[in-house]
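Morning, everyone. Today I'd like to walk you through one fold. Please have a look at the model first.

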Amino acid sequence: MNRLSGKIAIVTGSGGGIGRAIAERFAAEGAHVWVTDINGETAEETVAGIKAKGGAATAMVVDVSKGQDLTALIRNVDSQHGYADILVNNAGILVRGEVRQLSDADWTKLREVNIDGVLRLCRDALPLLRKSSSATIINISSIMADRGLRPLAAYTATKGAVTALTKGLAVEYAPFKVRVNAISPGYIETAITDRLLKLPPVKQALIDKTPMGRLGQPEDLTGAAVFFASDDSLYCTGSDLAVDGGMGAGL
């Protein structure tokens, strides 16, 4: 415990699911966590849970597809702390369907949240991260980033971009002493996968493809997140760590 003592962390999309689990774990490890989400009510719920356990957190409504929201976030963190140590780009959306039937509006929203928001926040947070003695960016990608799945081609394209951006920024930001790594989850039971996993045959098929014999829970991602956020990973940058129960190894 306390591996992140005194650190300032920003976790996007942390009103629930993977983001909430990471925010809670970071707070338990001693970080002050900025809990951001498009849903202010769920962000406040995450913060209330953290504070109930003696942790420190601040809630803020942020739509990562809106540049003005990201600017406001950076300004608020700067005014209260003057620096940031950890940025977790977790916010994301899923659009299912064939590309030939994908509307321009759906593709634009998918891109604005899953790619543009990540790039902008990595860019805009850099001045704060450079003030840290041990800064790190963690981008949440997906094991589907380099795999084809018929109803998820557009989604996987955005995650492929996140993985590529992670590697590019790892090289670009290394001179600034800012590490950039990615975590690629397999199938995790969250709201984003709930619709799919409600179909028993589909859920069982996914379990059967997972060597560890179960789907993941949001908490399964938190150990990897703490590793990349802490000094345990001081010589890691440009890494992409799969947390998928072995699914990727067996595909």
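How many helices and how many strands does the secondary structure of the protein come to? Nine helices and seven strands. Keep in mind that this is a predicted model.

Overall dimensions next. Along the principal axes, the C-alpha atoms fill a box of roughly 50 × 35 × 35 Å. The radius of gyration is 17 Å. A compact globule with 251 residues would have a value near 18 Å, so the protein agrees with that expectation.

Now the sheet. All seven strands sit in one open sheet, and the pairing is parallel. Read across, the order is β3-β2-β1-β4-β5-β6-β7. Which strands are at the edges? They are β3, residues 56-61, and β7, residues 240-243. Each of these two pairs on one side only. On average, neighbouring strands are turned by 20 degrees against each other, ignoring direction.

Let me pick out one pair. Strand β5 covers residues 135-140 and strand β6 covers residues 178-185. They pair in the parallel sense, over six bridges. Take Ile-140 as a marker: its bridge partner in β6 is Ile-183.

Two helices pack on this sheet that I want to show you. Helix α4, residues 104-129, touches β1, β4, β5 and β6. The direction of α4 makes about 175 degrees with that of β4. Helix α5, residues 153-173, touches β5, β6 and β7. The direction of α5 makes about 160 degrees with that of β6. Note the shared strands: β5 and β6 are touched by α4, and β5 and β6 are touched by α5 as well.

How do α4 and α5 meet each other? Their axes come within 9 Å and cross at roughly 15 degrees. That angle is under 35 degrees, so α4 counts as roughly parallel to α5. The crossing is right-handed. On the α4 side, the contact includes Trp-107, Leu-110, Ile-115, Val-118 and Leu-126. On the α5 side, it includes Tyr-155, Val-162, Leu-165, Leu-169 and Tyr-173. By class, the contact has 14 nonpolar, two polar and one charged residues. Asn-114 and Arg-123 of α4 are also in the list, and so is Thr-158 of α5.

Over to α1, residues 17-28. I have two partners to show for this helix.

Partner one is α2, residues 40-52. The axes of α1 and α2 come within 10 Å and cross at roughly 30 degrees. That makes α1 roughly parallel to α2. The crossing is right-handed. From α1 come Arg-20, Ala-23, Glu-24 and Ala-27. From α2 come Thr-42, Glu-45, Thr-46 and Ile-50. The class count here is three nonpolar, two polar and three charged residues.

Partner two is α8, residues 222-229. The axes of α1 and α8 come within 9 Å. They cross at roughly 55 degrees, which makes α1 oblique to α8. Again α1 passes its partner in a right-handed crossing. Which residues of α1 meet α8? Ala-21, Ile-22, Arg-25 and Phe-26 do. They meet Thr-222, Gly-223, Ala-225, Val-226 and Ala-229. By class, that contact has six nonpolar, two polar and one charged residues.

To recap. There is one open sheet of seven strands with parallel pairing. Helices α4 and α5 pack on the sheet. Helix α1 is roughly parallel to α2 and oblique to α8. Thanks, happy to go back to any of the views.

Terms used: Residues are numbered from 1 along each chain as its sequence is written. This is a predicted model: local features need pLDDT of at least 70, side-chain atom pairs count only at pLDDT 80 or more; totals for chains, interfaces and linings use all residues. Side-chain values use heavy atoms; hydrogens and water are left out. Axes are lines fitted to C-alpha atoms, for helices over the stretch in contact, and angles run from 0 to 180 degrees between N-to-C directions. Helices (H or I, at least four residues) and strands (E, at least two) are DSSP runs, numbered from the N terminus. Angles under 35 degrees count as roughly parallel, over 145 as roughly antiparallel, 65 to 115 as roughly perpendicular and the rest as oblique. A crossing is left-handed if the near helix is turned anticlockwise from the far one by less than a right angle, and right-handed if clockwise. Contact means heavy atoms within 4.5 Å. Ala, Val, Leu, Ile, Met, Phe, Trp, Tyr, Cys and Pro count as nonpolar, Asp, Glu, Lys and Arg as charged, and the others, Gly among them, as polar. Two strands pair if DSSP finds at least two bridges between them. The radius of gyration is taken over C-alpha atoms; the globule rule is 2.2 Å times the number of residues to the power 0.38.
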